Amino acid sequence: MTGAPKDKTLAKPAKAATAKAANGNGNGNGNGNGQTLARYEIRLSGLGGQGILTMGKLLGQALAIGHGYYVTQTQSYGPEARGGASRADLVVSSEPISYPKTEYLDLLVALSQEAAASYYSYLKPRGALLIDADLVRQSPSSVALALPFTRLAREKVGVPQATNVVALGAVAYLLPFARIEAMRKSLKESLPEKIREANIKALNLGYQEAKKRLGEPIALPDPDGGDEVYAARMDLTEIMTED
Amino acid sequence: MTAPRKKRREAFLLGNEAVVEGALAAGCTFYAGYPITPSTEIMECMAKRLPHVPDGAFIQMEDEIASMGAVIGASLAGRKAMTATSGPGFSLMQEQIGYAAMTETPLVLVNVMRGGASTGLPTSPGQGDVQQARWGAHGDHPIIVLSAADVPECVEMTVTAFNFAEKYRSPVILLLDEITAHTREKIELPEPGDFEVFSRLTPTMPPEWYKPYEETMRGVPPMPPIGSGYRFHVTGLTHDPLGFPTSRPEEVRALTERQFRKIDRFFEDIQIVEHVETADAEVVVIAYGCVARSARLAVKQAREAGVRAGLLVLKTLYPFPRRHVEPLLRNCRLAVVPELNMGQLSREVKRVNEGYTTVRTINRIDGQIITPSQILKEIA
């Protein structure tokens, strides 16, 4: 437990606490109380220009500085100036992280059809897939979580460039160990003043929409064994090499 | 010591950004460069930060050749100066790396290694410049080559690079790779007093007694900033103790031997390595840069599987840390050297090994990192 952030149910404002505390108690793995994380792996993916790398930085900053986790955020992009595939990978842990890249994903966020198709196979058997409902027309999985991030950013925020931050709001809701305030703080610290207000609005919108439409936050894998998914992941000979 | 410490400022930084934090903590006040992926953030960050540093100067030059010229000039004028580049730019800088070594001009050059030869894979990692860092400039010359594996190490090794440059009056090359440079991690921002910072010795004798390349106890002559009243002739030609060209064999030999000796005598200070469970290891992984992180996980997993594995992380690549590598090779049954190239540092390991134990290499040149499982397969 050392190094893990404080009990989030205490630190959270009342309205947000309810849903996640319920989840923590509901799934019976004790994650609602104290958030010790083994390796938790997230991939944010889409096209160059969608703000994927910024989103990775904001999320990583919130988890590393706001929550005190160990985080490595790596990135991958093509040699093209824009338009190519773009992705940011995060590994989050309560322990120091040796290997900085992702192996099998716990959460995949895909903001383009191409990204959803190419990275779906890196998802753990019970990992979560979050997609842009409009841009990913053919979801690789029927259990995908979908929100129209781009449309929400355009119509409700009025700034299509805020798509990544709307998605970040949804991620803040879905991750059982993340707090929206830490995201907000990360956003305020990193963004220039003139776009701050729109982005805070986008973050809150993403969070609220996710809460309304995506059900409960994701359950964490049980690190104490008994979970065959987790065991499968730890079978190291099975680790795929990076694409 | 017992007083409660002020909470340190934390930041979530790229390896490249951490290099800048290290450089400024070491007292760097001059940067000249030409941007190239994946080193560009070093330059961008320097452009933002140096104007706010007292006497700080940042120049974007027309190319990498001019950049090295500017850095050498700034250093001769008394500044702690640096530049950063990647593969193609590193090739362009080679001639003046030799010039800096010959004129014993302190400077720091960060080379963020990308994949492939020529333009290669600009956005992918590689470790193909290891031998070039040692031998890229023509002629016999000593040089110090360092590496870093994670973001906190980027700060630390940049400070070390400046300290070595100043202590030994030598160009120092810090080799990063795209993964180390483009990984974000949390660090505590350095504050004054965190690091021991070394600055070059300046002459204390009257200007008329000063001989710029005179033999000294340490082999490192004091160095005045140009324009401070000390006569100082600088040439890439082989020179005598006064700095003027000479081809007299005894003077030529004395110069070259002193240049090597000033590095060789301080191996203990210069050769930095990290031992991870090597004490009883029968299988040893020798790695550097981002691959050392994969190796760290692989060794941990091998230990869990009951294999007595150990890891030697090389933070100094040249002068090659033989005193650390050799005893390990004498006591293990297998040494594994994983690298993102066709086998460059493994040549040094094999040279030191002299056929004593089995040295296996893992080489990957497809622009991807060597994974922990790839290493585990070789050692478990």
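At what angle do the axes of helix α1 and helix α2 of chain B cross, and within what distance do they come? Before I answer, a word on what we are looking at: this is a predicted model, in which local features need pLDDT of at least 70 and side-chain atom pairs count only at pLDDT 80 or more, while totals for chains, interfaces and linings use all residues. Residues are numbered from 1 along each chain as its sequence is written, and chains are lettered from A and ligands numbered from 1 in the order in which they are written.

Now the answer: α1 (residues 15-25) and α2 (residues 40-49) of chain B have axes that come within 8 Å and cross at roughly 45°, where axes are lines fitted to C-alpha atoms, for helices over the stretch in contact, and angles run from 0 to 180 degrees between N-to-C directions. Helices (H or I, at least four residues) and strands (E, at least two) are DSSP runs, numbered from the N terminus. That angle makes α1(B) oblique to α2(B), given that angles under 35 degrees count as roughly parallel, over 145 as roughly antiparallel, 65 to 115 as roughly perpendicular and the rest as oblique. On the α1(B) side the residues are B:N16, B:E17, B:V19, B:V20 and B:L24, and they meet B:E41, B:I42, B:C45, B:M46 and B:R49 of α2(B), two residues being in contact if their C-beta atoms, placed from the backbone, lie within 7 Å.

A second helix pair in chain B is α3 (residues 64-76) with α4 (residues 87-103), whose axes come within 8 Å and cross at roughly 30°, and these two helices are therefore roughly parallel to each other. Their contact involves B:E64, B:I65, B:M68, B:G69 and B:I72 from α3(B), and B:G89, B:L92, B:M93, B:Q96, B:Y99 and B:A100 from α4(B).

Turning to the sheet, five strands of chain B form an open sheet with mixed pairing, in the order β10-β12-β11-β14-β15, where two strands pair if DSSP finds at least two bridges between them. β10 (273-276) and β15 (358-363) of chain B stand at the edges with a single partner strand each, so one side of each is left without a neighbour in the sheet. Neighbouring strands here are turned by 20° against each other on average, direction ignored. β10(B) pairs with β12 (residues 309-314) of chain B in the antiparallel sense over four bridges, and B:V276 has B:L311 in β12(B) as its bridge partner. Against this sheet packs α10(B), which touches β10, β11 (283-287), β12 and β14 (334-339) of chain B, and its direction makes about 165° with that of β12(B).

At the level of domains, chain B is divided into domain 1 (10-188) and domain 2 (273-379), with bounds that come from an automatic or database domain assignment. Their centres, taken over C-alpha atoms, are separated by 26 Å, and 22 residues of domain 1 are in contact with 18 residues of domain 2. On the domain 1 side, β7(B) gives the most, with four residues.

Finally, the chain interface: 21 residues of chain B are in contact with 22 residues of chain A. Here α10(B), the helix that packs on the sheet, supplies the largest share of the chain B side, five residues.
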